[in-house]
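Visitor: Could you pick one part of this and take me through it slowly? I'm new to this, so please explain the words as you go.

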Amino acid sequence: MEQILINLVAGAIGGNAVGKASPNFDLGTLGNTIAGLVGGGILGQIITLVWPAIATSIQSGNFDIGSIIAQLVGGGAGGAILTAIVGAIKNRSA
């Protein structure tokens, strides 16, 4: 459960960061946060599946700093990517 929370928080931060960094992708604070949460949760879980060593350490309860950093990076990147995609689509249709 901890890794999901880390992914969601990092995703929200990543979504807000990309939204504020580029007006073309900005969905507003709430929109950036929601897109970041979803993107962070999804990409964070995919990264866990792609890197079996990280998944094994999480499942065994042997948390180490490397797995936490990987979750933060995956969640933040997922939040940023999904916010950018949704923002680009929103601004194109407007």
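Guide: Let's begin with a bit of vocabulary: a helix here is a DSSP run of H or I at least four residues long, a strand is a run of E at least two long, and both are numbered from the N terminus. With that in hand, the protein chain reads α-α-α-α along the sequence. In total there are four helices and zero strands. Keep in mind that you're looking at a predicted model.

Before we zoom in, a quick look at the whole chain. Its C-alpha trace spans about 50 × 20 × 20 Å along the principal axes. The radius of gyration is 14 Å, which agrees with the value near 12 Å that a compact globule of 94 residues would have. Of those 94 residues, 38% are buried. If you take contacts between residues at least 6 apart in sequence, 73% of them join residues at least 24 apart.

Now for our close-up: helix α4, and how other helices pack on it. Two packed helices are described by the angle between their axes and the distance between the axes. Helix α4 covers residues 65–93, and helix α1 covers residues 2–21. Their axes come within 6 Å and cross at roughly 40 degrees. That makes α1 oblique to α4, since an angle under 35 degrees would be needed to call them roughly parallel. The crossing of α1 past α4 is right-handed.

Who does the touching? On the α1 side you'll find Gln3, Ile6, Asn7, Ala10, Gly11, Gly14, Gly15, Val18 and Gly19. Facing them on α4 are Ile68, Gln71, Leu72, Gly75, Gly76, Gly79, Ala80, Thr83 and Ala84. Sorted by class, the contact of α1 with α4 has seven nonpolar, 11 polar and no charged residues. If that polar count looks odd to you, remember that Gly is put among the polar residues in this sorting.

Next up is helix α2, which runs over residues 28–50. The axes of α2 and α4 come within 6 Å too, and they cross at roughly 135 degrees. The two are therefore oblique to each other, as only an angle over 145 would count as roughly antiparallel. Again, α2 passes α4 in a right-handed crossing. From α2, the contact uses Asn32, Ala35, Gly36, Val38, Gly39, Gly40, Leu43, Gly44, Ile47 and Thr48. From α4, it uses Gln71, Gly74, Gly75, Ala77, Gly78, Gly79, Ile81, Leu82 and Thr83. This contact of α2 with α4 divides into seven nonpolar, 12 polar and no charged residues.

A few single residues help fill in the picture. Try Asn7, which sits in α1. Asn7 is buried, with a relative accessible area of 0%, while the cut-off for buried is under 20%. Leaving out residues up to four places away in sequence, Asn7 touches Gly40, Gly41, Gly44, Gln45, Gln71 and Gly75. Asn7 doesn't reach Ile81, though: the two are 74 residues apart along the chain, and 13 Å separates their C-alpha atoms.

Also in α1 is Ala12, buried with a relative accessible area of 13%. Setting aside neighbours within four places in sequence, Ala12 is in contact with Thr33, Gly36 and Leu37. From Ala12 to Lys90, which is 78 residues away along the chain, the C-alpha separation is 18 Å.

Over in α2, have a look at Gly31. With 22% relative accessibility, Gly31 counts as partly exposed. Its C-alpha is 21 Å from that of Val73, 42 residues away along the chain. Leu49, another residue of α2, counts as exposed at 70% relative accessibility, as the line for exposed is drawn at over 50%. Leu49 and Phe25 are 24 residues apart in sequence, yet 28 Å apart from C-alpha to C-alpha.

So that's the tour of α4: a right-handed crossing with α1, a right-handed crossing with α2, and no charged residues in the contact with α1 or in the contact with α2.

Definitions and conventions. Residues numbered from 1 in each chain as written. Predicted model: local features only at pLDDT ≥ 70, side-chain atom pairs only at ≥ 80, totals over all residues. Heavy atoms only, no water. Axes fitted to C-alpha atoms, helices over the stretch in contact; angles between N-to-C directions. Parallel < 35°, antiparallel > 145°, perpendicular 65-115°, else oblique. Left-handed = near helix turned anticlockwise from the far one by under 90°. Contact = heavy atoms within 4.5 Å. Rg over C-alpha atoms; globule rule 2.2 N^0.38 Å. Buried < 20%, exposed > 50% of the residue type's maximum accessible area, 1.4 Å probe, protein only.
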